[in-house]
Amino acid sequence: MSLIQALHDAVASRPRVVLIHGIYAKEGTSHIRQLQPFFEAAGFEVVVFEYGFVSAIQTYIRNPGIARRLAALVRPDDHLVCHSNGATIAWLAMKKHGMCSLKVSLIAPALDADKVLTGATWTDVYHNRCDHVVWVARLFIRHAWGSMGRDGCTNADGIRQGMCNIDVANHAGLPQICGHLEYFEPHILPRFAPWLVRRHMERV
């Protein structure tokens, strides 16, 4: 076997994680991008899925097309990490385009609390009662947005199917996190990110 082939095979055998950001994120500046070095250090190939700056109102028009793009990219053995509107995009990609993935982490998901990611084998929902951003998001009519980032998944069938609620404001293994963006604060991220990555390594 040639060295080039061996290197190709080694890269191909690495687990892959796709990071999906929320709204109001200019290209290359998303909060979720900060997770990249933590996953790479654990041996993951990292893809940062960018869809540019989108306002809250624009999500009505743009989310369906972004979900279509994501579905075309994601493989069934991929891991996903989604922040805020990224969770809604992943849910749309599964519901409308049959996207499947192995393990999903939803960080402060701006998604209706009763929604289920049916295309994921396992889903962790990181939520806290201080997330007032998603509490307001639930007021958008005819939108999949909701308060999952505040209340966790409230769908009993979804929980039986592998959706695991993790209340980050009251979890012994995590720093106390309170809010929508606080997961990425400099004093929180170095403790939160390795814990999240370990959860994904359990499903490699």
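**Strand 1 and helix 4**

Strand 1 is covered on both faces, with Arg16, Val18 and Ile20 buried on one side and Val17 and Leu19 buried on the other. The model is a predicted one. In a regular strand, side chains alternate between the two faces of the sheet. Counted as a whole, five of the five residues of strand 1 are buried, where buried means under 20% relative accessible area.

Strand 1 has pairing partners in strand 2 and strand 3. With strand 2 (residues 45-49), strand 1 pairs in the parallel sense over five bridges; within this pairing, Leu19 has Val48 as its bridge partner. The two strands also belong to a right-handed β-α-β unit, in which helix 2 (residues 36-41) is the helical element. Strand 3 runs parallel to strand 1 as well, and four bridges join them. Here the bridge partner of Ile20 is Cys82.

Strand 1 is also one of the elements against which the buried residues of helix 4 pack; the others are helix 3 (59-73), strand 3 (79-83), strand 4 (101-107) and strand 5 (120-127). Helix 4 covers residues 85-97, and its 13 residues reach 17 Å from the first C-alpha to the last, close to the 18 Å expected at 1.5 Å a residue. Because ten of those 13 residues are buried, helix 4 is largely enclosed by the rest of the structure. The buried residues are Asn85, Gly86, Ala87, Thr88, Ile89, Ala90, Trp91, Leu92, Ala93 and Met94. After helix 4 comes Gly98, which has a positive phi, near 70°.

Terms used:
Residues numbered from 1 in each chain as written. Predicted model: local features only at pLDDT ≥ 70, side-chain atom pairs only at ≥ 80, totals over all residues. Heavy atoms only, no water. Expected span 1.5 Å × (residues − 1). Buried < 20%, exposed > 50% of the residue type's maximum accessible area, 1.4 Å probe, protein only. Contact = heavy atoms within 4.5 Å. Pairing = 2+ DSSP bridges. Right-handed = clockwise from strand over helix to strand, strands pointing away.
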